[in-house]
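Good morning, and thank you for the slot. Please take a moment with the sequence and the structure before I begin.

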Amino acid sequence: MSVLDISDSEFALFQKLVLGLLGIKLTESKRALIVSRLYTRLKELKLENFTEYILYLKNNNNSKVELREFINRITTNETFFFREKGHFDFLAKTLIPEFIDKYKNRELRIWSSACSSGEEPYTIAMTVYPFIKAHPGFHVKILATDISTKVLEKAKAGVYSQESLAKVPVNLHATFFEVHSPDKVQVRPELRSMITFKEFNLMSQRYPLKSPVDIIFCRNVMIYFSEEGKNFVLSKFSEHLQNQGYLFIGHSESLMSNQYHFELLQNTIYRKME
């Protein structure tokens with residue numbers, strides 16, 4: 001068997017592993033993706049086939065480190081600044097003004113639960129920053145998590161190509177970014193300091209939240225989950241979201257809102273009912 005081949009039994013083992021670890025259901029259409037993304041790893045480890053790699057993953061001496069490498073290679077991270085702009089318009093025009101008016105000096109807590117390379121939480125920070133400057137008593141805490149350590153490293157650094165600013169309003173370029181190199185920009189320190197980045201798996205039994213949050217972003221993620229995985233995550237979101245808190249999902253996603261006490265406000269924006 002060529003190292004480029006993956007047998008039905010090997011692919012079934014990967015399906016079981018990914019489902020249990022990430023809640024993601026690998027369909028037959030993902031077979032070629034698994035091969036292409038893991039082939040170089042097999043070469044690096046000098047392994048002959050995917051069966052040997054599966055055994056390597058299960059070895060107690062390798063498991064933690066290699067599982068992280070495995071996750072980094074198979075997860076898809078596609079995002080950009082101000083993706084699904086209507087969400088940030090709703091945040092700026094409706095949610096934040098209402099929150100400031102209702103709570104005055106209480107801290108607003110926002111969770112970007114699958115933050116990828118950081119564009120989403122930085123867009124959130126750009127959206128709320130003017131309100132922080134205009135209202136001295138208004139404070140915001142942003143938690144940004146992802147299962148991939150590779151994309152989290154990029155997110156923490158906050159360095160992006162000039163082309164990545166295509167969707168960022170021109171008047172915000174100088175305000176929130178500084179030149180890092182001829183073709184790179186970096187998010188300014190005052191914005192980076194607003195965000196805490198952490199590695200986290202949404203399939204974990206214990207969530208990294210000491211108190212309920214006001215807003216959760218989980219966009220274009222649950223579409224990859226199995227039904228069981230999706231239900232698990234939604235139940236956790238409901239548990240850790242404030243009453244009257246908000247959940248933003250992707251435009252390719254939907255949920256039966258009443259099952260977890262969510263009411264649909266507008267397309268892809270839900271509020272937790274009391």
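**Helices and salt bridges**

I begin in helix α5 (residues 85–103), where Asp-89 and Lys-85 both lie, four residues apart, about one turn of the helix. Before going further, I should state that this is a predicted model, in which local features need pLDDT of at least 70 and side-chain atom pairs count only at pLDDT 80 or more, while totals for chains, interfaces and linings use all residues. Residues are numbered from 1 along each chain as its sequence is written, and side-chain values use heavy atoms, with hydrogens and water left out. Helices (H or I, at least four residues) and strands (E, at least two) are DSSP runs, numbered from the N terminus.

The side chains of Asp-89 and Lys-85 form a salt bridge at 3.0 Å, N to O. By salt bridge I mean a side-chain nitrogen of Lys or Arg within 4 Å of a carboxyl oxygen of Asp or Glu. In general, side chains of opposite charge can pair when their charged atoms come close. As to accessibility, buried means under 20% relative accessible area, exposed over 50%, and partly exposed in between, with a 1.4 Å probe and protein chains only. Asp-89 is partly exposed at 26% relative accessibility, and Lys-85 is partly exposed at 44%.

How many salt bridges does the rule give? The count comes to 13.

Let me turn to helix α2 (residues 31–45). This helix has 15 residues and spans 21 Å from its first C-alpha to its last, close to the 21 Å expected at 1.5 Å a residue; the expected span is 1.5 Å times one less than the number of residues. Where is the kink in α2 centred? It is centred on Leu-38 and amounts to about 35°, the bend at a residue being the angle between axes fitted to the seven residues ending there and the seven starting there. Leu-38 is also among the buried residues of α2, together with Arg-31, Ile-34, Val-35, Arg-41 and Leu-42. Their cover includes α1 (8–22), α3 (50–58) and α4, where contact means heavy atoms within 4.5 Å. Just after α2, Lys-46 adopts a positive phi of about 60°.

Within α2, Arg-41 and Glu-44 are joined by a salt bridge at 2.9 Å, N to O. The two are three residues apart, and so separated by about one helical turn. Arg-41 counts as buried, at 15% relative accessibility, whereas Glu-44 is partly exposed at 45%.

Helix α4 (63–74) offers another pair. Arg-73 and Glu-69 meet in a salt bridge at 2.6 Å, N to O; these residues are four apart in α4, about one helical turn. Arg-73 is buried at 18%, and Glu-69 is partly exposed at 25%. Which residues are linked in a network of salt bridges? Arg-41, Glu-44, Glu-66, Glu-69 and Arg-73 are.

I close with helix α7 (residues 149–157), in which Thr-149, Val-151, Leu-152 and Ala-155 are buried. They lie on the same side of α7 because they cover an arc of only 155° around the axis, the arc being that of the directions from the helix axis to the C-beta atoms. The face turned away from that side carries the exposed residues Lys-150 and Glu-153. The buried residues of α7 pack against α4, α6 (119–134), β2 (140–146), β3 (159–161) and β6 (195–199). Just after α7, Gly-158 has a positive phi of about 70°.
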